[in-house]
Amino acid sequence: MAQQDPSPYRLLVCVNPVGSNKPSCGGDRGSNALADTLEAGIRARRINARLSRIICLNRCLKGPAMRIAPGGDFFLQVQPDHIPTILDRLEALAGQLPDGIDPTDPDTDDPTGFGHYFPGQ
Ligand code: FES
């Protein structure tokens, strides 16, 4: 049976690969690798939030760009050593998963259709 999603929080990560006349987060800036590490951190810390890979946060010149939604902080020019701080901020807002929800369960649904709990699983 599918599990409910109790959290409204998302970490939106721009993975736009297309930089027509400007840099792009998912191009040579490596945002997909950052997203992979962040997803692993969300899962390991049981943070009650999802990571969604999206196309553009309109901060293209300062990528890799990320934002906590709804209405949360932007993180710009993200580097690997910023990841613990981003996870701390996300956990402070979203808290941890309730008991009984297994973040590694491949049957965990995304009833919002907005993204997946942990893509690739
Ligand atoms: S390409 Fe990432 S914010 Fe626009």
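These legends describe close-up views of one predicted protein model. Residues count from 1 along each chain as its sequence is written, and side-chain values use heavy atoms, without hydrogens or water. In this predicted model, local features need pLDDT of at least 70 and side-chain atom pairs count only at pLDDT 80 or more, while totals for chains, interfaces and linings use all residues.

**View 1. The whole chain combines two helices and four strands.** Helices (H or I, at least four residues) and strands (E, at least two) are DSSP runs, numbered from the N terminus. Starting at the N terminus, the order of elements is β-α-β-β-β-α. The chain has 121 residues, and 42% of them count as buried. Buried means under 20% relative accessible area, exposed means over 50%, and partly exposed lies in between (1.4 Å probe, protein chains only). The chain exposes about 6,400 Å², an area from the Shrake-Rupley method with a 1.4 Å probe. Carbon and sulfur atoms supply 50% of that surface. A contact means heavy atoms within 4.5 Å. Among contacts with a separation of 6 or more, 69% link residues 24 or more positions apart.

**View 2. Four strands form an open sheet in the order β2-β1-β3-β4.** The pairing is mixed. Two strands pair if DSSP finds at least two bridges between them. β2 (50–54) and β4 sit at the edges with a single partner strand each, so one side of each has no neighbour in the sheet. Strands β1 (residues 10–14) and β3 (residues 66–69) run antiparallel and share four bridges. L12 has R67 of β3 as its bridge partner.

**View 3. A hairpin links β3 and β4.** Two bridges join β3 to β4 (residues 74–75), and the strands run antiparallel. M66 stands opposite F75. R67 faces F74 of β4. Four residues lie between the two strands. In the turn, G71 has a positive phi of about 65°. P70 also falls in the loop between β3 and β4. The bond joining A69 and P70 is a cis peptide, with omega about 5°.

**View 4. Two helices meet the strands.** Helix α1 (residues 31–44) packs on the sheet and touches β1, β2 and β3. Its direction makes about 165° with that of β2. Helix α2 (residues 83–94) lies across β1, β3 and β4. Helix α2 runs at about 10° to β3. Axes are lines fitted to C-alpha atoms, for helices over the stretch in contact, and angles run from 0 to 180 degrees between N-to-C directions.

**View 5. Loop residues show cis and positive-phi geometry.** P64 sits in the loop between β2 and β3. The peptide bond from G63 to P64 is cis, with omega near 0°. C56 lies in the loop between β2 and β3. C56 is not a glycine, yet its phi is positive, about 80°. At 30% relative accessibility, C56 counts as partly exposed. Q77 belongs to the loop between β4 and α2. Q77 is not a glycine either, and its phi is positive at about 50°. With 46% relative accessibility, Q77 is partly exposed.

**View 6. Residues 109–121 have pLDDT below 50.** pLDDT is the predictor's confidence in each residue, from 0 to 100. The chain mean is 82, and 77% of residues reach 70 or more. Beyond near neighbours in sequence, the 109–121 stretch has 36 contacts in the model. Where pLDDT is low, the predicted coordinates should not be read in detail.
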